[in-house]
Amino acid sequence: VYQQHGSTTTRNTFAVYANTGGSNSKNLQYAVRGDGLILQPGQPGVYLDALDWTSSNKYMHNGYQFWQVGSNWNNSSGTWTCPVAGKYFVAADAQAHNAVTANYANLIPRKNNSDYGLESVATVASGGSSHHASISFAIIMDCAANDTIRVYSNHSYRNNTQNKLTIYLLG
């Protein structure tokens with residue numbers, strides 16, 4: 001535990017560091033600055049876009065990963081494994097047009113492969129190719145260590161474009 005005195009914005013910072021093994025080397029784990037900003041650089045999370053949907057894997061998967069803290073996301077299966085118990089922020093959105101089912105698309109948050117609330121739904125004009133619609137949700141899930149988080153669709157969404165997923169441990 002360490003208290004730092006610095007510039008106007010960081011004055012009276014309370015910080016917790018982990019010793020990384022080297023002489024006097026330490027990694028910031030948690031800090032509360034004097035101006036109220038809370039820093040948690042090691043919080044597990046992931047952000048992806050351009051996620052796939054296929055009839056053989058109906059979960060958001062194979063996305064372009066912008067960042068990940070930890071190694072909890074399995075991109076090929078579309079599975080996040082919670083490293084610790086806590087509240088996880090989960091947000092997903094997808095394009096509904098050009099869905100496999102042509103005029104109906106949905107997203108369903110799941111914990112341990114069971115629905116976690118109701119589906120988010122979008123319908124588009126017949127044919128679905130000229131009318132753009134999107135579906136989304138943002139929730140906070142209460143999870144135990146080793147629970148899994150996935151985003152499911154039994155009706156599909158537009159594949160491999162403009163679909164986003166964020167999972168982040170709040171605490």
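This is a short conversation about cysteines and charged pairs in a predicted model.

Reader: Why are C82 and C143 not called a disulfide?

Author: A disulfide needs two cysteine sulfur atoms within 2.5 Å. The cysteine sulfur nearest to that of C82 belongs to C143 and is 3.9 Å away, so the pair does not meet the cut-off of 2.5 Å, and the structure as a whole holds 0 disulfides.

Reader: What makes C82 and C143 count as buried or exposed?

Author: Buried means under 20% relative accessible area. C82 has a relative accessibility of 0% and C143 has a relative accessible area of 4%, and therefore both C82 and C143 are called buried.

Reader: Why is the contact of K87 with D142 called a salt bridge?

Author: The limit between the side-chain nitrogen and the carboxyl oxygen is 4 Å, and for K87 and D142 the N to O distance is 3.1 Å, so the pair qualifies as a salt bridge. Because K87 lies in strand β9 and D142 in strand β13, the pair ties together parts that are 55 residues apart in sequence.

Reader: How do you know whether R110 and D115, which form a salt bridge, are buried, partly exposed or exposed?

Author: Buried means under 20%, exposed means over 50%, and partly exposed lies in between. R110, at 14% relative accessibility, therefore counts as buried, whereas D115, with a relative accessible area of 44%, is partly exposed.

Notes: Residues numbered from 1 in each chain as written. Predicted model: local features only at pLDDT ≥ 70, side-chain atom pairs only at ≥ 80, totals over all residues. Heavy atoms only, no water. Buried < 20%, exposed > 50% of the residue type's maximum accessible area, 1.4 Å probe, protein only. Helix = DSSP H or I, 4+ residues; strand = E, 2+ residues; numbered from the N terminus.
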